[in-house]
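Okay everyone, thanks for coming. I'll put the structure on the screen and then walk you through the side chains I found worth a look.

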Amino acid sequence: MANDDAAVLASVGSRLRALRRQNGSTLSRLAESTGISVSTLSRLESGERKPTLELLLPLARAYQVPLDELVGAPPVGDPRVRLKPISRWDSTIVPLTQHPGGLQAYKMIISVERCDPEPRTHEGYEWLYVLNGRLRLVLAEHDLVLRAGEAAEFDTRLPHWFGSTGEAPVEILSLFGTQGERMHVRAKPRGA
């Protein structure tokens, strides 16, 4: 890692010189616009002076380039989260939360085969939102069918089960909190 940092710092001087020449500027004009002395600029370009943030910021402004471009920073890693689906209970479950504890979010694709209710209970609170298809929800004495765009929330200590209606697969979003956290949807107040 230290060798990588040294290589990045060593290449700053040649980048600065190339930018100055590309802009058709002289060391004197650059010194006037940045407030950095001609000798310091010359030593930066030749690699005799180590670049610091205090020197690079005015240069980035003068050249109108991001600081990353001046130092040749490596590209940022891929920001995509690689989700690993889990197959369980005739469903494909995609965890959308990467940290343990607290509220957990899942996208679930429930197969048409999951249509025979087997109510269970456990600690927690669940919120379900139907993305596509029809979801059958058995909750205590209720037997409901939710369509795309509908949501339900319930205490998982009540006997419950959810699955397909037997007609087609169903896709849902699920938010689950083992400590009984409830989902609160906040709406913008009227007149705001």
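**Around Arg114**

Let's begin with Arg114, which, leaving aside neighbours within four places in sequence, is in contact with Trp89, Asp90, Ser91, Trp161, Phe162, Gly163 and Ser164. Before I go on, keep in mind that this is a predicted model. Arg114 itself is in the loop between strand 3 (103-110) and strand 4 (125-132).

So what about its charge partner? Arg114 is buried and yet has no salt bridge. The nearest side chain of opposite charge is Asp90, and that one is 6.4 Å away. The cut-off used here for a salt bridge is 4 Å, nitrogen to carboxyl oxygen, so Asp90 at 6.4 Å doesn't make it.

What does the Arg114 side chain reach instead? The backbone oxygen of Phe162, at 2.8 Å. Phe162 turns up a second time, too: the charged end of Arg114 sits over the Phe162 ring, 5.8 Å from its centre.

Now over to Asp90. It lies in the loop between strand 1 (86-88) and strand 2 (91-95). Asp90 has a phi near 55 degrees, which is a positive value in a residue other than glycine. Is Asp90 buried or exposed? In between: with 46% relative accessibility, it counts as partly exposed.

Just before Asp90 in the numbering there's another cation-over-ring case. The charged end of Arg88 sits over the ring of Trp89, and the distance to the ring centre is 5.2 Å.

**Helix 5 and its neighbours**

Moving on to the helices. Which residues of helix 5, residues 53-63, are buried? Leu55, Leu56, Pro58, Leu59, Ala60 and Tyr63. Here's the textbook bit: an α-helix has 3.6 residues a turn, so residues three or four places apart point the same way. Try reading the buried list again with that in mind: Leu55, Leu56, Pro58, Leu59, Ala60, Tyr63.

And what do they pack against? Four helices: helix 2 (12-22), helix 3 (27-34), helix 4 (38-46) and helix 6 (67-71). Just after helix 5 you get Gln64, with a positive phi of about 55 degrees.

**Salt bridges**

On to the charge pairs. How many salt bridges are there? The count comes to seven. I'll show you a few of them.

One is between the side chains of Arg17 and Glu45, at 3.7 Å from N to O. Arg17 lies in helix 2 and Glu45 in helix 4, so this pair ties together parts that are 28 residues apart in sequence. The two ends sit in different burial classes: Glu45 counts as buried at 5% relative accessibility, while Arg17 is partly exposed, with a relative accessible area of 25%.

Another is Arg120 with Glu118, where the closest N and O atoms are 3.3 Å apart. Arg120 counts as exposed at 52% relative accessibility, and Glu118 as partly exposed at 48%. If you're picky about thresholds, exposed means over 50% here, so those two labels come from values on either side of that line.

Then there's Arg157 with Asp155, with the closest N and O atoms at 2.7 Å. Arg157 counts as exposed, at 51% relative accessibility. And back to the helix pair for a second: salt bridges that share partners join Arg17, Arg20 and Glu45 into one network.

**The strands further along**

Last stop. How many aromatic pairs does a search of the whole structure find? One. The pair is Trp127 and Tyr129, and it's stacked, with 6.1 Å centre to centre and 10 degrees between the planes. Trp127 is buried, with a relative accessible area of 17%, and Tyr129 is partly exposed at 27%.

Next, Arg147, which lies in strand 6 (residues 142-147). Not counting residues up to four places away in sequence, Arg147 touches Val130, Gly133 and Arg134. For Arg134, the C-alpha atoms of the two arginines are separated by 4.7 Å, although they are 13 residues apart along the chain. Arg147 counts as partly exposed, at 45% relative accessibility.

And between strand 5 (134-139) and strand 6, in the loop, you'll find Ala140. Ala140 isn't a glycine, but it has a positive phi of about 55 degrees. At 34% relative accessibility, Ala140 counts as partly exposed.

That's my tour, so over to you for questions.

Terms used:
Residues numbered from 1 in each chain as written. Predicted model: local features only at pLDDT ≥ 70, side-chain atom pairs only at ≥ 80, totals over all residues. Heavy atoms only, no water. Buried < 20%, exposed > 50% of the residue type's maximum accessible area, 1.4 Å probe, protein only. Helix = DSSP H or I, 4+ residues; strand = E, 2+ residues; numbered from the N terminus. Contact = heavy atoms within 4.5 Å. Phe/Tyr/Trp six-rings, centres within 6.5 Å; stacked < 30°, edge-to-face > 60°. Lys NZ or Arg CZ within 6 Å of the ring centre and 35° of its normal. Lys, Arg positive; Asp, Glu negative; His and termini not counted. Polar contact = N/O pair within 3.5 Å; in protein donor to acceptor, adjacent residues only side chain to side chain.
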